[in-house]
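Let's take a walk through a protein model together. Keep the structure open beside you and follow each stop as we reach it.

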Amino acid sequence: MSFRRALALASLSTSAWAASYHFAAIWDGEKIVRDACITVDGDKIQSVGPCAGEAVDLTKYTAIPGLIDVHTHMTFVLGNPVARAARNAATVFLAQDNARKTLEAGVTTVRDLGSSGYTDIAMRDLIAAGKMLGPRMFVAGYGLQNTRGTNVTPNTAHGPVEVDKVARAQIAAGADWVKMYASTGTGQDVSGTQTYSFDEIKAAVDAAHALHKRIAVHSYGPDAARDAVRAGVDSLEHATDMDDETIAEIARRKIVYVPTIDHNRYYVDNYQLLRYRADSLPKLNDYIQRNLQTARKAFAAGVTFAMGSDAVYTMFGENTRELGWFVKAGMTPEQALRAATVNGAALLEMDKKLGALREGYLADIVAVEGDPLADIQTVVEKVRWVMKAGKIVVDKTR
Ligand SMILES: [Zn+2]
């Protein structure tokens, strides 16, 4: 066992024994402090400030808060070889890879927006109990879909009454969030046709809020986005081509926008692996540009953003590439970092525990090589060390 590992374990096992970590600089969520230490006691930060006494040498690195990806699909795995009846159990096993890669990207918390068989709840609980390595998860169970016909699944809901019932069923099963697909659009399909009416979206919003939960609405196009905003959702996913009036309303209501621009880049880069048609590529590329353009307008209008990758399959590990798009949309690297930390924590109602390096907060710390405020690619490409709740979960410092 290395000295560093011994320190981490010691800090876990006894609260009388805190460990300090010395960084070249610390960005605490608000400002940068040079040549400083973070002292960790158990799973929490005891102090951030000048170094005093023994400290683990991480002076090659800048510390930032553990990153928050507010849109993942952790349980989407490619090539599950297990027979259908047992597939969900196998999914939880196979998805460990996604969880590990997410941590390696510096993401210590995710909001997972849609799963089947409640495999997301299984992962969340296994990780929370320390039986599986992965980021802290906030999950949605089944995302509500307005699929008509005979193919009724646990996530199908049509009309406000059914929507209310199915949304409540997710929460009863243990979901932290409600997810609703209010338009078409997924994978190589970039259509954004509205699938849920205002009344149906409102029914889902009311069900979630009545049970003190929040709701995220998927809309690829502008129509369902407009109705979702009017219905009072908490976050809006994708939402390309929104008009100025809708954007102004999002800013006014302080709804969080999660554009997920990078996930279509992943689809383009991996279209053969995903068996997409070659003729879907121009449409995907066009959508990416419109998505970026909408994000640019929204940021200029004062909308609050959070970082969501919409990671599926082999995209895990690329969770933070979205930050590059945020800078393209007009953010400074620091504003992009805020989207991935402070804003994500606030969306999850965890802003007193996560998203900042501050006394009493959970010790989720990421060490990056370089200056993240000068170049956001430092965060995307140069994560060297990750601590989650006081435990070192990634160490590439040697
Ligand atoms: Zn998604």
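Leaving aside its neighbours within four places in sequence, L236 is in contact (heavy atoms within 4.5 Å) with V217, A225, A228, V229, M242, I250, I255, V256, Y257 and V258. This is a predicted model, in which local features need pLDDT of at least 70 and side-chain atom pairs count only at pLDDT 80 or more, while totals for chains, interfaces and linings use all residues. Residues are numbered from 1 along each chain as its sequence is written, and side-chain values use heavy atoms, with hydrogens and water left out.

L236 also belongs to a bigger picture: in the largest nonpolar core, of 89 residues, L236 is among those with the most contacts inside, together with L144, M180, I201, I215, F305 and L323. A nonpolar core here is a set of buried Ala, Val, Leu, Ile, Met, Phe, Trp, Tyr and Cys residues joined through side-chain atoms within 4.5 Å; buried means under 20% relative accessible area, exposed over 50%, and partly exposed in between (1.4 Å probe, protein chains only). Helix α10 (residues 281-300) gives this core its largest share, seven residues. Helices (H or I, at least four residues) and strands (E, at least two) are DSSP runs, numbered from the N terminus. In soluble globular proteins, nonpolar side chains tend to be buried together.

Now look for the strands. Five of them form an open sheet with parallel pairing, in the order β8-β9-β10-β11-β12; two strands pair if DSSP finds at least two bridges between them. At the edges, β8 and β12 each pair on one side only. Strands β9 (residues 214-219) and β10 (residues 235-238) are joined by four bridges, and H218 has E237 in β10 as its bridge partner.

Which side of helix α5 faces inward? V163, V166, A167, Q170 and I171 are buried in α5. They cover an arc of only 140° around the axis (taken from the directions from the helix axis to the C-beta atoms), which puts them on the same side of α5. On the other side, V161, K165 and A172 are exposed. The buried residues of α5 pack against β8 (177-181) and α6 (198-210).Our last stop is the zinc ion. Its protein donors are H71 (NE2), H73 (NE2) and D310 (OD), lying 2.0 to 2.2 Å from the ion; donors are N, O and S atoms within 2.8 Å of the metal (3.2 Å for Na, K and Ca), and as water is not among the atoms, sites may look incomplete. H71 sits in strand β5 (residues 67-72) and D310 in the loop between β12 (304-305) and α11 (322-328), 239 residues apart. Both H71 and D310 are buried.
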